[in-house]
Amino acid sequence: MTGTSAGHRVPRDLVLRGGKVLTLDLVGPTATATATALLLRGGEVAAVGDERQVLDAAGPEPRVLDLRGRTVMPGFVDAHCHFEEAGMDGDTVSFRGATTMAEALERVRTTARSLDTDAWVRGQIWNPVLQLEEGRVPTLAELDAVGGGRPVYLPMGHSACANSAALRLAGIDETTPDPDGGRLGRDPGSGTLTGYLWEEAQNLVARVVPEWTEQERAGQLLTAMKVLNGWGITSVVAGAMHPRDVAVLGRLAREGRSTLRVAAMVLPSGELIPSVSEPEWESLVKAGPRRYGDGTWVRDLGIKLQLDGGMTLGTAATRKPHLTDSAYAGDLLIDRSRLAMLVSRARQRGWRVGVHVVGDAAIDLALDVFAEARTAGAADPGPDILIHASLMQEDQMERARVLGVMVTAQAPFLWRNRDAIAARMGPDRAESAVPLRSMTDVMGIDRVSAGTDFPINDLNPFKNLYAMTTRRDRQGRTVGGGQAVGREEALRLYTTSGAAHTGEERTKGALRVGALADLVVLDGDPLAADPETLLALNADVTVVGGHIVFDRHGELTDD
C-alpha cells in the first residue's frame, strides 16, 4: 500500500515534533491514543511515539515541523459532500453571504453582463427560502429582467429556478406535463409557468445546459480540492458525481495533481432519479465500479439514488402526516418495484448502493429493498448506504444493524434549519432529527459517519464537531440535546468512521504505522477546547500522501 500514485512524486521524510498527536488508533497491538511526534515517509506514517523514537527512525536531513504545542490528528473525512461546488466561483454565480433578493439578483445581473449574449448564467447551489430575508425563490420575471436575454438556471438542491429563455431552450411551455418524480411550478390562478422546477423537473432544463469542457472541469476540481484542504479535509465521499467528472479526477490523480482523496457516489445516467429502462440501466452499470491507479486517490464507491425530499422543504416521506397538512406525508420519488430493479441490477454488477432518504417512510422502503436483494441472493459488493437518514427511528437502526447497512449523517442541518424543520415537519421531529447518539449506540460507531452535504451546509468541520457535541444551533438553542455525542466520538465519526464508510479503515482515518500520511495540524486541541473555542479552531497545515497541500503560515515548503 502506498499514499502516492504514479504521478505523485515521493516526498522527503517529514518529522512533526513538539506537540500532541491524536492518533485515534484505538485498535491493534500498537494502539495509542496520543503521542508527541510523528514521522512521514513515502506517503505513509513511518513512526509514531515520543520525539526520540521518531527522530531515531528518520532518515538523513528530514524536514522538521515544530508543532510548538499544537495538535496533530488524522485528516478529516467528509462522508457526504458535493465538494466540486467549492471550485465554481469563477464560472458560476455565488450567493454566499447574500441576504436579500435584491443582492442575489444583482449578482445574477453582474455575471450575465460578463458573458456572451448566448451563454448560460449558472448558479451555485443555494437555498433562498432560508437564506434571504424575503424567504422565497426568484420569480420568472425577476430572472428575465437580470438575465439580459441569456438563459438563467439556478439549482437549489432538490429544486431549481429558471428564466423564460432557459425554459424555451428546454422546450418547456404551459402544455408540458410534469415528469415522474417532479413538478413544474405553475401559478395557481392562471396556470402559467413560474420557472420553479421541483426534483425530477430540474433535469428537463439541466439536460440542455452545456457541459463544462474537460479543461474547465479540471480547473474547478483542483480549486475545490484546495478549498477543502484549507479546512483540514483530506478525503471526501463525493455525494453525486457524473462518470465524466470521476474520469477527470482520475486523470488529475495520474498526473500527480490531486490533493484530495475522492470516493465517488456515481450517477450512471446523470440523474438522481433515473428514468431509463431496465436494459438501459443494465448497460449503464455493467462495467462495475472503477478504481483509478492504485485506488487510494480516486475510485467509484457506489451508485447514488434519491428516494424522497427533505425536511426544510417539507417533502421528506414519513410514516405519519406532516404538521402542515394532515393528509400529506411527503413524497416517494421512486416506486418499490423500480427501486428494487435499480438496486438489484447495480449490486449484481458489483456496485454498492447509496440512497438519499430523509423521512422514516423512505427509510422503511430502502431497508425493505436492501433486505429483498440479500434474500434473493444478489451479489454482495459491500454495505449499502442510507444517505442522511435524518428522521431515522430506533427500530430502523436495529434493522440496519442486522442488514449491515451504513448511515452517513449530517448534524449541520440543525445549525440554521431548526425553525424551518419545526414549521414543516413539527417540533418533535425537529428535536429528534439527526439522532447521532441513538445511531452510534444501536448500529455501532463504525457504521455511522459524519458529513456536511456541502454546499447545503458549510464545509467547516469545527462547526460540524460543535453541532454534534452540543446540539446547539446558530442562535445558541439546544436542539435535541439527548442526541449529542462525546467529543472523541465526534472526531471518530469524522475520521475513522469515514474511512470505514469507504472500506479503507486499514489505511486511513487513524495515524498508525503503515497508514496513509493524511493529517492536519490544528491551532488548538479539539478534545480539550471548550465549545466556543472548538467552534473557532483552524487548520494550520494539511498533509495528504506526505505532501504539504495547505500551509496557513508558510511554515514548510513541499519538495
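Me: What makes the buried residues of helix H13 count as buried?
Reply: In this predicted model, the buried residues of H13 are Phe413, Leu414, Trp415, Asn417, Arg418, Ala420, Ile421, Ala422 and Met425. The cut-off is under 20% relative accessible area, so each of these residues falls below that value.

Me: What do the buried residues of H13 pack against?
Reply: Helix H3 (128-131), strand S17 (385-388) and helices H14 (427-432), H16 (461-470) and H19 (531-535). A contact takes heavy atoms within 4.5 Å.

Me: How do you know whether H13 is straight or kinked?
Reply: Start with the span. H13 covers residues 413-425, and a straight helix of 13 residues would span 18 Å at 1.5 Å a residue. H13 spans only 14 Å between its end C-alpha atoms. Then look at the bend: a kink of about 50° is centred on aspartate 419. Right after H13 comes glycine 426, with a positive phi near 105°.

Me: What does the same check on span give for helix H7?
Reply: H7 (residues 214-229) has 16 residues and reaches 22 Å from its first C-alpha to its last, close to the 22 Å expected. Its buried residues include Arg217, Leu221, Leu222, Met225 and Leu228. Among the elements covering the buried residues of H7 are strand S6 (76-81), strand S12 (233-241) and helix H8 (243-254).

Me: Why do we say that S7 and S8 pair?
Reply: The rule asks for at least two bridges, and S7 (residues 121-122) and S8 have 2 in the parallel sense, so they pair. Arginine 122 has tyrosine 153 in S8 as its bridge partner.

Me: And why do S8 and S9 pair?
Reply: S8 and S9 (residues 159-162) share 3 bridges in the antiparallel sense, so they pass the rule of at least two. Tyrosine 153 is involved here as well, with alanine 162 in S9 as its bridge partner. S8 and S9 form a hairpin with 3 residues between them, and glycine 157 in the turn has a positive phi of about 90°.

Me: Are the faces of S8 covered or open?
Reply: Both are covered. Side chains in a regular strand alternate between the two faces of the sheet. In S8 (residues 152-155), Val152 and Leu154 are on one side, Tyr153 and Pro155 are on the other, and all are buried.

Me: Why are S7 and S10 at the edges?
Reply: The open sheet has 5 strands in the order S7-S8-S9-S11-S10, with mixed pairing. S7 and S10 (182-186) each have a single partner strand, so one side of each has no neighbour in the sheet.

Me: How do you know whether the chain agrees with a compact globule?
Reply: For 559 residues, the radius of gyration of a compact globule would be near 24 Å; the chain has 23 Å, so the two agree. Along its principal axes, the C-alpha trace spans about 80 × 55 × 50 Å. Buried residues make up 59% of the chain.

Me: What share of the contacts in the chain joins residues at least 24 apart?
Reply: Among contacts between residues at least 6 apart in sequence, 73% join residues at least 24 apart.

Me: Where is aspartate 331?
Reply: Aspartate 331 is in the loop between strand S15 (298-306) and helix H10 (336-348). Leaving aside neighbours within four places in sequence, its contacts include Trp198, Leu307 and Thr315. The C-alpha atoms of aspartate 331 and arginine 418 are separated by 21 Å.

Key. Residues are numbered from 1 along each chain as its sequence is written. This is a predicted model: local features need pLDDT of at least 70, side-chain atom pairs count only at pLDDT 80 or more; totals for chains, interfaces and linings use all residues. Side-chain values use heavy atoms; hydrogens and water are left out. Buried means under 20% relative accessible area, exposed over 50%, partly exposed in between (1.4 Å probe, protein chains only). Helices (H or I, at least four residues) and strands (E, at least two) are DSSP runs, numbered from the N terminus. The expected span of a helix is 1.5 Å times one less than its number of residues. The bend at a residue is the angle between axes fitted to the seven residues ending there and the seven starting there. The radius of gyration is taken over C-alpha atoms; the globule rule is 2.2 Å times the number of residues to the power 0.38.
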